[in-house]
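Let's read this structure together, one question at a time. Have a look at it first, then try each question before you peek at the answer.

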Amino acid sequence: MTEFQLTRHPHRRFNPLTGEWVLVSPQRTERPWQGQVEESQLDEQPTYDPDCYLCPGNVRAGGVRNPPYTGTFVFDNDFAALRPDIPEGRMQEGALVVAESERGICRVVCFSPRHDLTVARMRVPEIRQVVDTWVEQYQELGAHPFINWVQIFENRGAQMGASNPHPHCQIWAEEQAPNESRKEAQSQSEYHSAQGSCLLCDYLEVELRSQERLVCENDGFVALVPFWAVWPFEIMVMSKRHVTGLDDFSDTERTNLAGILKQVTSRYDNLFQVSFPYTMGFHQRPTDGKPHPEWHLHAHFYPPLLRSASIRKFMVGYELLATPQRDITAETAAQRLRDLGESD
Ligand code: H2U
Ligand code: ZN
């Protein structure tokens, strides 16, 4: 028997942030594919679309007209999943049938008045305006006494469920910590108590030493394919400094965050020469008024494309019923993303 090698033998990898495992099957990358092929999405959009509900001056589905905005633009989601004004209540039948009211606020943030732009195609000063808007929203929503978690996320591309190509993200702010944040909170808090240090600061040190999974970096941030990545070209963006929330960043760090987001998204677009679909979002300190030194701000990029613009990963079968699985290793994915150029 040869020795166990991560590059050749099926193995599972541990995600210390969630406490979950991913199955890695590096020998499986060459399997044939006769399944769904995605439409090519070389989407050239007009700068203004009269039918877009996010473009300046247009009327939204709810009947409200957007102002002629020139930078970022924030509005309350007309079809909000959470609402601030519902009666509080709880319903329980024994231990097994339990429901609780959940209050919240949902907003939409337009990144730019330009319908045709994406983060990859925006200039860093324009992305910096988006970062400033995120900070304001995190502070403003988090200041509500009943808001304890602010989830900022972007669905980019029709394949990831974005309803519109106009550059935008959503913010869902709510009473209770949602599932993913709960898992990450528990792991970071347990690690912090046991080790006396920050889980992600320590992880970043490991990655900076090995260099194997780094994609790109600047003075304030590192983008890497985490050792435990599930999505083929998954990336985690981490601040180099231990920062618990977006509101802790200095002026320079905000600009550096804008810069790394452009670097990551333009590498993505260059991978398969398409406007690369993804879901991205920030995980940061809960807004319950406590300091949470265990939390280290980071962003996850979860993109579905696998082998080309037309072949995507599905989370089905074994992954739905057992555990997520990947074929190309995190190291190979990082190398491919590292070898690509970025646009200006
Ligand atoms: P997504 O592209 O990630 O689906 O985000 C668009 C959001 O915009 C979506 O949550 C909202 C939808 O409810 N929306 C409005 O608030 N007003 C509209 O006129 C259409 C869509
Ligand atoms: Zn538009």
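Q: Which residues does Arg128 touch, not counting residues up to four places away in sequence?
A: We're looking at a predicted model, and Arg128 is found in helix 1. Helices here are DSSP runs of H or I with at least four residues, strands are E runs of at least two, and both are numbered from the N terminus. Contact means heavy atoms within 4.5 Å. Leaving out those sequence neighbours, Arg128 touches Asp251, Arg254, Thr255 and Ala258.

Q: What pLDDT do local features need in this predicted model?
A: Residues are numbered from 1 along each chain as its sequence is written, chains are lettered from A and ligands numbered from 1 in the order they are written, and side-chain values use heavy atoms, with hydrogens and water left out. Since the model is predicted, totals for chains, interfaces and linings use all residues, side-chain atom pairs count only at pLDDT 80 or more, and local features need at least 70.

Q: Is Arg128 buried or exposed?
A: Buried means under 20% relative accessible area, exposed means over 50%, and partly exposed is in between (1.4 Å probe, protein chains only). Arg128 has a relative accessible area of 15%, so the verdict is buried.

Q: How many residues of helix 4 are buried?
A: Helix 4 covers residues 251-272, and its end C-alpha atoms are 34 Å apart. The expected span is 1.5 Å times one less than the number of residues, so 32 Å is what you'd expect, and the two agree. Helix 4 is mostly covered, with the buried count at 18 of its 22 residues.

Q: In what order do the nine strands of the open sheet come?
A: Two strands pair if DSSP finds at least two bridges between them. In general, strands of a sheet pair through backbone hydrogen bonds, either parallel or antiparallel. Here the pairing is antiparallel, and the order is 3-6-8-7-12-13-11-10-9.

Q: Which strands stand at the edges of that sheet?
A: An edge strand here has a single partner strand, so one side of it is left without a neighbour in the sheet. That fits strand 3 (73-76) and strand 9 (214-217).

Q: Which residue is the bridge partner of Arg156 in strand 12?
A: Strand 7 (residues 149-156) and strand 12 (residues 278-283) pair in the antiparallel sense over four bridges. In strand 12, the partner of Arg156 is Tyr278.

Q: What arrangement do the four donor atoms around the zinc ion (ligand 2) make?
A: Donors are N, O and S atoms within 2.8 Å of the metal (3.2 Å for Na, K and Ca); water is not among the atoms, so sites may look incomplete. Zinc is coordinated by Cys52 (SG), Cys55 (SG), His115 (ND1) and His166 (ND1) at 2.0 to 2.3 Å. Four donors count as tetrahedral if all angles lie between 85 and 135 degrees. The donor atoms subtend 103 to 115°, which makes the arrangement tetrahedral.

Q: How many residues apart in sequence are the parts that Cys55 and His166 tie together?
A: Both Cys55 and His166 are buried at 0% relative accessibility. Cys55 lies in the loop between strand 2 (20-24) and strand 3, and His166 in the loop between strand 7 and strand 8, so the separation of the parts they tie together is 111 residues.

Q: What is the phi of Gln211?
A: Most residues other than glycine have a negative phi. Gln211, in the loop between helix 3 and strand 9, is partly exposed at 45%. Although Gln211 is not a glycine, its phi is positive, at about 65°.

Definitions and conventions
Four donors count as tetrahedral if all angles lie between 85 and 135 degrees; four count as square planar and six as octahedral if opposite donors are over 155 degrees apart and all others between 65 and 115; anything else is irregular.
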